[in-house]
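Some questions about a two-chain model follow, each with a worked answer. Please keep the sequence and the structure at hand while reading.

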Amino acid sequence: MHSNGILRSASASLRRVMAICVKELIQLRRDRLTFAMVVAIPLIQLLLFGYTINTDVRNVPVAVVDQRDNFFSRQLIEDLQASQVIKVHTHLETPQQATDWVRAGKVSAALIVPRDVEKRFYNDNQEPIAQLVVDGSDTILASALKGLSDFPFDPSQPPSPRQLAKNITVDLLYNPEQRAALFTVPGLLGVILTMTLTMFTAIAIVRERERGNLELLIATPVKTPELMLGKLVPYIGLGLLQVVIILLLGRFFFDLPVVGSPTLLMLCCLLFIFANLGLGLLISTRAPNQLGAMQMAVFILLPSILLSGFMFPYAAMPRFAQHLAEILPMTHFIRLTRGIILRGADFSDLAGDMLFLALFFIGTMIEALKSFRKKLD
Amino acid sequence: MTEYVIEAEGLTKRFGDFTAVQGLDMQIQRGQVHGFLGPNGSGKTTAIRMMCGLLDISAGNVRVLGLEIPEYAEEVRDQVGYMTQRFSHYQDMTVRENLMFLADIRGMPRKQRTARVDEVLGEYNLAQITGRLAGDLSGGQKRRLSLAGAVLTQPQLLMLDEPTSEVDPNTRRDMWSRFFRLAAEGTSILVSTHLMDEAERCHRLTILNQGEKVADGTTDELKQRLPQSVVNIHGADVSGLADSLSDDGQILAATQSGLSLRVLVDRNVGDPVGYVRSRVGNQYQLAQIEAAIEDVFVAATMDTSDA
């Protein structure tokens with residue numbers, strides 16, 4: 001008899017969850033803007049950032065002041081250009097002119113070859129043979145050009161890879177062609193999921209409150225966990241849909257390989273989706289209105305983009321920023337996806353980050369359940 | 001079976017320094033249409049929300065269907081239909097979708113669901129607009145949808161918060177005849193209003209003013225208990241009289257309606273007609289008439305504002 005009662009109440013509970021789910025889906029279907037965002041945001045962001053975020057510095061326009069102007073100096077300039085880092089944009093007369101061009105932003109750097117370039121080269125006193133005046137206001141550009149200071153130059157023959165090997169061998173284990181898109185796309189997956197899912201759920205409950213629906217809803221027998229669950233489930237599907245769209249687009253446009261296990265990748269995505277939905281719901285129970293919820297979601301989104309390792313290397317950040325980044329689901333997700341997609345990492349390598357996402361979801365849900373009351377005040 | 005479906009004792013709600021409801025005592029009998037009358041902002045909605053368990057109670061207690069609120073709020077929800085003052089159905093869902101959602105969330109057996117939703121759609125003249133989005137409905141259609149939602153699961157008790165606001169007179173009359181039909185079938189109804197003709201029709205009334213109960217009883221009792229006599233002044237130019245009569249100690253209020261002026265004269269005055277005549281002169285027709293709920297309301301809500 002008793003177990004019968006439990007069964008009956010469980011099935012009644014399930015029906016209420018389903019009712020909320022169906023309602024959310026009906027509303028989602030009517031809300032064309034939201035629905036368009038689910039598909040359009042991945043597409044636009046992937047194309048925009050996939051093609052534009054590029055840390056491979058190539059063909060930087062450079063002004064050249066060749067004070068020697070003979071066979072030797074011309075070969076030096078040719079060799080430097082052959083590195084593909086710089087591209088001679090113009091020839092100028094004096095070093096002063098060249099500096100002016102850099103200041104005016106017409107070129108990013110100026111290469112000055114002095115009159116005594118040959119003498120400097122054949123003397124063994126480590127004197128630099130030429131000078132590169134670089135616009136340091138763009139740090140990424142500047143560090144790429146600084147790399148030219150180690151440029152091996154031998155006027156007797158064209159530069160060969162063997163000469164590089166004299167210094168330190170650098171072996172690239174993953175992403176050997178150093179294509180930025182391969183690095184960006186897994187990160188974009190995280191950005192897009194955070195952006196859409198946290199925002200959708202952040203307004204999910206506060207919207208009902210603002211529109212007056214909550215007064216009717218909480219006067220029904222629906223329980224808080226049922227309400228939360230019913231609101232989550234449709235967005236889990238939506239998040240998975242986005243994952244599939246992004247991965248397919250990544251494969252189509254950028255030949256993104258998935259080295260590791262696709263099942264493991266989906267599992268990680270699912271955990272990350274849950275973490276974002278939990279966070280969104282927590283925001284929704286705390287925010288005073290829809291605008292406030294949006295602002296809180298953006299407050300999470302910005303550090304997720306800047307601190308997670310999506311844009312800047314995690315290892316290069318100061319200690320306190322790393323600690324801050326550790327509490328963002330995005331940081332863990334970026335590690336997981338780059339690991340699986342690019343390095344073929346397996347479960348044992350990733351368990352820690354996966355555990356964090358799971359705990360983050362549980363923690364935010366508990367908080368959300370605690371802060372939501374079936375009351376109007 | 002409890003005789004009272006709602007019993008409130010000293011029910012109080014404070015929002016910070018502001019007291020919205022102060023020490024409300026109230027009983028609502030089974031199978032009656034109980035009117036909750038009061039000016040805007042008198043605390044009717046706050047009191048109803050406390051009875052539904054939607055607001056914390058600052059002091060006092062309330063039992064609904066014999067169960068203490070808010071402890072047993074969840075248990076009584078199945079048995080209470082609540083119609084909110086502000087339209088609270090989903091604007092981006094159709095009439096039918098809204099009712100189907102309510103049927104599911106209230107756990108109506110699936111087999112009955114479609115039949116029952118069709119039934120209330122027909123009963124509340126919504127059958128022609130089942131596919132229309134709730135947000136696109138007229139004010140009256142929205143109220144009918146809300147009422148259909150409240151009665152959908154045939155609850156024992158209905159709490160209706162100004163169900164007829166924004167509704168045309170025909171629909172209003174129609175809705176009230178439904179209330180009485182429901183009451184005849186055994187449903188108890190608490191209905192808040194600030195319209196006198198609606199108050200007049202209720203079995204019993206509770207009048208609220210500035211958060212406090214100022215009168216309570218059947219409509220006849222309330223009229224009999226009125227501490228004033230009502231004198232009707234009929235004449236060509238009564239509009240100027242109202243102001244000159246109101247500052248009198250014996251006359252509580254003078255309200256114009258068309259060419260007549262209703263004057264509330266203290267019961268202590270032995271001959272109210274003679275008294276009023278002595279004040280206004282002979283050019284008017286005077287007569288003592290029966291008190292209406294409006295007179296009760298005016299007298300009740302004025303007393304406290306003078307005090």
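A residue is called buried if 20 or more other C-beta atoms lie within 10 Å of its own, exposed if 12 or fewer, and partly exposed in between. The model discussed here is a predicted one.

Q: Is Leu133(B) buried, exposed or partly exposed?
A: Leu133(B) sits in the loop between helix 4 (110-123) and helix 5 (139-151) of chain B. Leaving out residues up to four places away in sequence, Leu133(B) touches Gln91(B), Asp92(B), Met93(B) and Thr94(B). Because Leu133(B) has 16 C-beta neighbours inside 10 Å, the class that applies to this residue is partly exposed.

Q: How far apart in space, C-alpha to C-alpha, are Leu133(B) and Arg96(B)?
A: Along the sequence, Leu133(B) and Arg96(B) are 37 residues apart. In space, taken from C-alpha to C-alpha, the separation of Leu133(B) and Arg96(B) is 9.0 Å.

Q: Which helix of chain B gives the most to the side of chain B that touches chain A?
A: The contact draws 24 residues from chain B and 22 residues from chain A. On the side of chain B that touches chain A, helix 2 (73-77) and helix 3 (95-105) of chain B each supply at least two residues. By class, that side of chain B holds nine nonpolar, five polar and ten charged residues. The greatest contribution to it, four residues, comes from helix 3 of chain B.

Q: What distance separates the centres of domain 1 and domain 2 of chain A?
A: Chain A is divided into domain 1, which takes in 17-53 + 178-371, and domain 2, which covers 60-164. With the centres taken over C-alpha atoms, the distance between these two domains of chain A is 47 Å.

Q: Over residues 350-369 of chain A, what percentage of the chain is helix?
A: The unreviewed UniProt entry annotates several stretches of chain A as "transmembrane region", among them 296-316 and 350-369. Over residues 296-316 of chain A, the chain is 57% helix and 0% strand, with end C-alpha atoms 27 Å apart. Over residues 350-369 of chain A, the end C-alpha atoms are 29 Å apart, strand accounts for 0%, and helix for 100%.

Q: In which helix of chain A is confidence lowest?
A: Chain A has a mean pLDDT of 85, and 92% of its residues reach 70 or more. Over residues 160-167 of chain A, however, pLDDT stays under 50, and the model has two contacts beyond four places in sequence for this stretch. Where pLDDT is low, the predicted coordinates should not be read in detail. Confidence in chain A is highest in helix 11 (residues 262-286), at 94, and lowest, at a mean of 42, in helix 7 (residues 161-164).

Q: Which helix of chain A gives the most to the largest nonpolar core?
A: The largest nonpolar core has 162 residues, of which Met51(B), Val64(B), Met159(B) and Val263(B) touch the most other members. The greatest contribution to this core, 17 residues, is that of helix 8 (residues 180-211) of chain A.

Q: What percentage of the residues in chain B is buried?
A: Chain B has eleven helices and 14 strands, and its C-alpha atoms fill a box of roughly 70 × 45 × 35 Å along the principal axes. Among its contacts with a separation of 6 or more, 68% join residues 24 or more positions apart. Of the 307 residues in chain B, the buried share is 45%.

Conventions
Residues are numbered from 1 along each chain as its sequence is written. Chains are lettered from A and ligands numbered from 1 in the order in which they are written. This is a predicted model: local features need pLDDT of at least 70, side-chain atom pairs count only at pLDDT 80 or more; totals for chains, interfaces and linings use all residues. Two residues are in contact if their C-beta atoms, placed from the backbone, lie within 7 Å. Ala, Val, Leu, Ile, Met, Phe, Trp, Tyr, Cys and Pro count as nonpolar, Asp, Glu, Lys and Arg as charged, and the others, Gly among them, as polar. Domain bounds come from an automatic or database domain assignment. UniProt positions are given in the numbering used here, feature names are shortened, and annotations may be inferred rather than shown by experiment. pLDDT is the predictor's confidence in each residue, from 0 to 100. A nonpolar core is a set of buried Ala, Val, Leu, Ile, Met, Phe, Trp, Tyr and Cys residues joined through C-beta atoms within 7 Å.
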